[in-house]
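I opened the model to go through its sheet, its salt bridges and one serine. My notes are below, in the order I looked things up.

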Amino acid sequence: MSAPALEGRRINSDTYRAVMRHLPTGVAAICATHPVTGEQNGMVVGTFASLSMEPALVTFSVMHSSTSWPKITESGTFSVSLLAEDQQQVCRALSAKGEDKLNNIAWSESAWGTPHVDGSLAWFDCRIEQQFTAGDHVVVIASVLDMTPAEGASTPLIFHGGRFGSFREAA
């Protein structure tokens, strides 16, 4: 089959999902405090990445069906906490539907007024710069206002093949 004959072929979403499960991703908690109500909200993403060094920009994507992202967007600024391998319960709590997701999670308020999840590997405070639709997701580009690495060594929480794990250096 030649390349032009393949162009009209649609990729099956179940097959796409099954193949993409082979790509391990880090787990990041996105959290914000609403500027008027003071309510904290959070969610997790596996698509957080560095986009630019100068200026410092990060990116991630969020499904259109997210009920948390619109609330976080209202604040304009948010935090990103890079979760450590022992924070699977934090990931599950922030992935759940509903309100008050941060009630049972230890967190501290940053100088920017955003919730930083305690015990994470690093924290970023960010400002939304752009959002645009791409397929069934919203792609977010944000500027980094501040960032802090955690003290001490730890390993990241990794999501791969539908399971949680962590990074181990190859022998």
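These entries start with the sheet and end at a single side chain.

**Entry: the sheet**

I am working from a predicted model. I traced the strand order first. I found an open sheet of 7 strands, ordered β3-β2-β6-β9-β10-β5-β4, with antiparallel pairing. I then checked the edges. β3 (40-45) and β4 (49-52) each have a single partner strand, so one side of each is left without a neighbour in the sheet. I noted the twist too, which averages 35° from one strand to the next.

**Entry: pairing around β6**

I moved to β6 and its partners. β2 and β6 run antiparallel and are joined by 4 bridges. There I picked out Ala 29, whose bridge partner in β6 is Ser 81. With strand β9 (residues 122-134), β6 shares 6 bridges, and this pair also runs antiparallel. I looked up two positions here. Thr 77 has Arg 127 in β9 as its bridge partner. Ser 79 stands opposite Asp 125 in β9.

**Entry: the helix on the sheet**

I asked which strands α4 touches as it packs on the sheet. They are β2 (28-33) and β3. The direction of α4 makes about 110° with that of β3.

**Entry: helix α2**

Next I took α2 (residues 13-20). I counted its buried residues and got 0 among its 8 residues, so by the under-20% cut-off for burial this helix is hardly covered. At its start, a side-chain oxygen of Asn 12 reaches to within 2.8 Å of the backbone nitrogen of Asp 14. Asp 14 also forms a salt bridge with Arg 17, and their closest N and O atoms are 3.4 Å apart. Both residues lie in α2, 3 residues apart, which is about one turn of the helix. I checked their exposure: Arg 17 is exposed, and Asp 14 is exposed as well.

**Entry: the other salt bridges**

How many salt bridges does the count give? I get 3 salt bridges. One of them joins Arg 168 to Glu 85, with the closest N and O atoms 3.1 Å apart. Arg 168 lies in the segment after β12 (163-166), and Glu 85 lies in the loop between β6 (77-82) and α4 (88-95), so the pair ties together parts that are 83 residues apart in sequence. I looked at exposure here too. Arg 168 has a relative accessible area of 55% and is exposed. Glu 85 is partly exposed, at 30% relative accessibility.

I then turned to Arg 127 and Glu 129. Their side chains meet in a salt bridge, at 3.1 Å from N to O. Arg 127 is partly exposed at 38% relative accessibility. Glu 129 is partly exposed at 40%.

**Entry: Ser 143**

Glu 129 led me to Ser 143. I placed Ser 143 in strand β10 (residues 137-149). Is Ser 143 buried or exposed? Its relative accessibility is 11%, so Ser 143 counts as buried, the cut-off being under 20%. A polar contact of 2.7 Å joins its side chain to that of Glu 129. I therefore have Glu 129 down twice: in the salt bridge with Arg 127, and in this polar contact with Ser 143, within the 3.5 Å limit.

Last, I listed the contacts of Ser 143, leaving aside neighbours within four places in sequence. They are Ala 56, Leu 57, Asp 125, Cys 126, Arg 127 and Glu 129.

Technical notes: Residues numbered from 1 in each chain as written. Predicted model: local features only at pLDDT ≥ 70, side-chain atom pairs only at ≥ 80, totals over all residues. Heavy atoms only, no water. Helix = DSSP H or I, 4+ residues; strand = E, 2+ residues; numbered from the N terminus. Buried < 20%, exposed > 50% of the residue type's maximum accessible area, 1.4 Å probe, protein only. Polar contact = N/O pair within 3.5 Å; in protein donor to acceptor, adjacent residues only side chain to side chain. Contact = heavy atoms within 4.5 Å. Salt bridge = Lys/Arg side-chain N within 4 Å of Asp/Glu carboxyl O. Pairing = 2+ DSSP bridges. Axes fitted to C-alpha atoms, helices over the stretch in contact; angles between N-to-C directions.
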